[in-house]
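The exercises below concern helix packing, cysteines, burial and backbone geometry. Each task is followed by a solution in steps.

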Amino acid sequence: MSRERVALIHGVGLDGSMWEPLREYLEPEYDVQVLELLGHGQRPPARDGITLAELAADVAGRLEPNTHLVGFSLGALVAQHVARFRPDLVASLVSVASVCDRTSQEHAAVMVRLASAASDFPATVEASIERWYPEESAVPAALIDATREVLQRNDPKSFLACYRVFATADAEIAPELPDISVPSHAVTGELDPGSTPEMSARLAAAIPGCTYSIIPAARHMMPVERPQELAHTLTAFIKEHSNVR
């Protein structure tokens, strides 16, 4: 019997390695494809001025039809774009720790982070680590160091080009969300300060039939921090919308 395909798209500044803790729980049951975005990991650099549509087209070009698409943070915006404009490829959509149609206050906060990334990339790396893994985090130090090393390997210009998409593309995709027709779910951490539970509720309200869930006491890096609980959420949703019985 064939297995369902699940494709995973990482967040800005990260790469496919962020999914390793989650893959342990998904791969016994699913064929898992890890897709790295332009400007990340083993992919070519992202050009200055790259758009959400370009990132999504690059992903769509590597997707097989009837794939369950899971995007994290920037990857969630990319996944939403693919689901909107290439629904022939997408069996279902899960947006993990996704922003959605930021308020003016939320937009101002991310633009401050974008300006900081432009002026001091090393400080941006450390600020991200502190935001994702506060002192009380139970994530092993080795995994935190691995995240820091991935962030530090970024080409600053390429990172900035993709961060600009992350900071602005929620406004671009928001008017398209009501036209997403594939089964959809949003999940975020209760304590995620950037991709908040309110944003997941906003996303669920915008996409017809979209459901959402909150993982208690989790922060932004759920695939690393709480992989088993995230896998449980993904598996329950995918089984509900699976063509393989």
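The exercises refer to this predicted model.

**Exercise 1. Helix H3 against helix H7**

Task: Determine how the axes of H3 and H7 are arranged, and which residues form the contact.

Solution.
- Two packed helices are described by the angle between their axes and by the distance between those axes.
- The axes of H3 (residues 74–85) and H7 (residues 156–173) come within 9 Å and cross at roughly 45 degrees.
- H3 is therefore oblique to H7.
- The crossing of H3 past H7 is left-handed.
- On the H3 side, the contact is made by Leu-74, Leu-77, Gln-80 and His-81; on the H7 side, by Cys-162, Val-165, Phe-166, Ala-169, Asp-170 and Ile-173.
- Sorted by character, the residues of this contact of H3 with H7 comprise seven nonpolar, two polar and one charged.

**Exercise 2. Helix H4 against helix H7**

Task: Classify the relative direction of H4 and H7 from their crossing angle, and describe their contact.

Solution.
- The axes of H4 (residues 104–119) and H7 come within 10 Å and cross at roughly 175 degrees.
- Angles over 145 degrees count as roughly antiparallel, and H4 and H7 are therefore roughly antiparallel to each other.
- H4 contributes His-107, Val-110, Met-111, Arg-113, Leu-114, Ala-117 and Ala-118, which meet Phe-159, Leu-160, Tyr-163, Arg-164, Phe-166, Ala-167 and Thr-168 in H7.
- The residues of the contact of H4 with H7 divide into ten nonpolar, two polar and two charged.

**Exercise 3. Cysteines**

Task: State how many disulfides the structure holds, and explain why Cys-100 is not bonded to Cys-210.

Solution.
- The structure holds zero disulfides.
- A disulfide requires two cysteine sulfur atoms within 2.5 Å.
- The closest cysteine sulfur to that of Cys-100 belongs to Cys-210, and because the separation is 9.1 Å, the pair is too far apart for a bond.
- Cys-100 is buried, at a relative accessible area of 4%.
- Cys-162 is also buried, at 0% relative accessibility, and takes part in the contact of H7 with H3.

**Exercise 4. The buried residues of helix H2**

Task: Identify which residues of H2 are buried, and the elements against which they pack.

Solution.
- In H2 (residues 52–60), the buried residues are Leu-52, Leu-55, Ala-56, Asp-58, Val-59 and Ala-60.
- Their packing partners are strand S1 (5–9), strand S2 (31–35), H3 and H7.

**Exercise 5. The surroundings of Ser-195 and Asp-31**

Task: Locate Ser-195 and Asp-31, and establish whether each is buried or partly exposed.

Solution.
- Ser-195 lies in the loop between strand S5 (184–189) and helix H8 (197–206).
- With a relative accessible area of 1%, Ser-195 is buried.
- Leaving aside residues up to four places away in sequence, Ser-195 touches Ala-97, Ser-98, Val-99, Thr-188 and His-220.
- Asp-31 belongs to strand S2 and is partly exposed at 35% relative accessibility.
- With the same sequence exclusion, Asp-31 touches Arg-3, Glu-4, Arg-5 and Val-6.
- The C-alpha atoms of Asp-31 and Arg-131, 100 residues apart along the chain, are separated by 32 Å.

**Exercise 6. Positive phi values**

Task: Describe the phi angle, location and accessibility of Asn-66 and Ala-217.

Solution.
- Asn-66 is not a glycine, yet has a positive phi of about 65 degrees.
- Asn-66 sits in the loop between H2 and strand S3 (67–72), where its relative accessible area of 31% makes it partly exposed.
- Ala-217, likewise not a glycine, has a positive phi of about 60 degrees.
- The loop between strand S6 (211–215) and helix H9 (222–225) contains Ala-217, which is partly exposed at 42% relative accessible area.

Methods. Residues are numbered from 1 along each chain as its sequence is written. This is a predicted model: local features need pLDDT of at least 70, side-chain atom pairs count only at pLDDT 80 or more; totals for chains, interfaces and linings use all residues. Side-chain values use heavy atoms; hydrogens and water are left out. Axes are lines fitted to C-alpha atoms, for helices over the stretch in contact, and angles run from 0 to 180 degrees between N-to-C directions. Helices (H or I, at least four residues) and strands (E, at least two) are DSSP runs, numbered from the N terminus. Angles under 35 degrees count as roughly parallel, over 145 as roughly antiparallel, 65 to 115 as roughly perpendicular and the rest as oblique. A crossing is left-handed if the near helix is turned anticlockwise from the far one by less than a right angle, and right-handed if clockwise. Contact means heavy atoms within 4.5 Å. Ala, Val, Leu, Ile, Met, Phe, Trp, Tyr, Cys and Pro count as nonpolar, Asp, Glu, Lys and Arg as charged, and the others, Gly among them, as polar. Buried means under 20% relative accessible area, exposed over 50%, partly exposed in between (1.4 Å probe, protein chains only).
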